[in-house]
Amino acid sequence: MTDNRMEVLLTVSRLQARVSNVFESYTGSSVARFSILYALSDSDSLSQTDLRRLLGINASAVTRHVQHLEGSGLVTRKRIPGDQRNVAVSITPAGMQLLKGCENNRESFLSTLFAGLSHGELTTLLDIVSSMESHLDRATELCVRKDSTIADNGSTDDKGTL
């Protein structure tokens with residue numbers, strides 16, 4: 001039996017990069033910034049921490065994207081009372097208008113990307129990708145534990161690293 005896990009990893013990585021590039025060409029927005037606007041369109045506001053968790057990107061990336069969107073007048077930020085470390089983000093009317101304006105391009109992109117896949121196949125694909133994401137969460141926890149063990153012991157083992 002051939003172990004093709006590395007080929008799957010490389011294919012998923014290439015696919016993610018290409019999807020991001022083509023999505024931006026279709027919509028004029030990066031996937032991350034579009035996702036932030038999309039998430040905010042369903043709520044009054046979300047904290048940057050909530051956006052980070054929802055979108056699966058790190059805190060500095062959320063801050064960078066939100067600052068860009070704020071500078072473009074698409075979102076507003078304000079401090080959360082009693083929480084000096086977190087900021088609430090809300091979509092502006094201009095952000096809603098941009099999101100609605102991208103709707104046809106987004107739909108065209110999604111229809112083209114998933115052409116020929118049945119609802120059942122899309123469901124299976126989502127199940128597989130969600131399962132991989134769950135396993136990645138566990139792998140991340142193992143990395144955090146390994147890093148804390150290294151810090152506690154004061155030594156590193158460079159075997160197996162590039």
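# A guided tour of the predicted model

Ser35 is partly exposed, with a relative accessible area of 22%, and in this predicted model the residue makes a convenient place to begin, since selecting Ser35 brings you into helix H2. From Ser35, add Leu51 to the selection and draw a line between the two C-alpha atoms, which lie 9.2 Å apart in space although the residues are 16 apart in sequence.

**The whole chain**

Before going further into the details, zoom out and colour the protein chain by secondary structure, which comes to 6 helices and 3 strands. If you follow the chain from the N terminus on, the elements appear in the order α-α-β-α-α-β-β-α-α. The protein chain has 162 residues, of which 20% are buried, and if you switch on a surface you will be looking at about 11800 Å² of exposed area, with carbon and sulfur atoms supplying 55% of it. Turning to contacts in the protein chain between residues at least 6 apart in sequence, 48% of them join residues at least 24 apart.

**Helix H2 against helix H4**

Return now to helix H2, residues 31-40, and select helix H4, residues 59-71, along with it, so that you can look at how the two pack. At what angle do H2 and H4 pack? The angle is about 75°, and the axes of the two helices are 10 Å apart, which means that H2 is roughly perpendicular to H4. To see the contact itself, show the side chains of Ala32, Arg33, Ile36 and Leu37 on the H2 side, and those of His65, Val66, His68 and Leu69 on the H4 side.

While helix H4 is still on the screen, select Ala61, which is found in that helix. Is Ala61 buried or exposed? With a relative accessibility of 9%, Ala61 counts as buried, because the cut-off for that class is under 20%. A line from Ala61 to Ala32 joins two residues that are 29 apart in sequence, while their C-alpha atoms are 9.0 Å apart in space.

**Salt bridges**

The next stop is a set of charged side chains, and it helps to recall that side chains of opposite charge can pair when their charged atoms come close. The structure holds 5 salt bridges, and three examples follow.

Begin with Arg77 and Glu70, which form a salt bridge whose closest N and O atoms are 2.9 Å apart. Arg77 counts as partly exposed at 29% relative accessibility, and Glu70 is likewise partly exposed, at 30%.

Move then to Glu7 and Arg14, whose side chains meet in a salt bridge with an N to O distance of 3.8 Å. Glu7 counts as partly exposed at 46% relative accessibility, and Arg14 is also partly exposed, at 48%.

For the third example, select Arg106 and Glu103, where the side chains meet in a salt bridge at 3.5 Å, N to O. Where in the chain do Arg106 and Glu103 lie? Both belong to helix H5, residues 93-113, and because they are 3 residues apart in that helix, about one helical turn separates them. In this pair Arg106 is buried, with a relative accessible area of 16%, whereas Glu103 is partly exposed, with 40%.

**A nonpolar patch on the surface**

For the last stop, keep the surface switched on and select Val8, Val12, Leu113, Phe114, Leu117, Leu122, Leu125, Ile128, Val129 and Met132, which form a nonpolar patch with about 740 Å² of accessible area together. Which helices each supply at least two residues of the patch? They are helix H1, residues 5-27, and helix H6, residues 119-153, and of the contributors H6 gives the most, with 5 residues.

You can end the tour on Val12, one of the residues in this patch, whose place is in helix H1. Val12 is partly exposed, with a relative accessible area of 39%, and this value satisfies the requirement for a patch residue, because such residues need over 30%.

Key. Residues numbered from 1 in each chain as written. Predicted model: local features only at pLDDT ≥ 70, side-chain atom pairs only at ≥ 80, totals over all residues. Heavy atoms only, no water. Patch = residues over 30% accessible without salt bridge, like charges linked within 9 Å, V, L, I, M, F, W, Y side chains within 5 Å. Areas by Shrake-Rupley, 256 points an atom, 1.4 Å probe, with all protein chains shown as cover. Salt bridge = Lys/Arg side-chain N within 4 Å of Asp/Glu carboxyl O. Helix = DSSP H or I, 4+ residues; strand = E, 2+ residues; numbered from the N terminus. Buried < 20%, exposed > 50% of the residue type's maximum accessible area, 1.4 Å probe, protein only. Axes fitted to C-alpha atoms, helices over the stretch in contact; angles between N-to-C directions. Parallel < 35°, antiparallel > 145°, perpendicular 65-115°, else oblique. Contact = heavy atoms within 4.5 Å.
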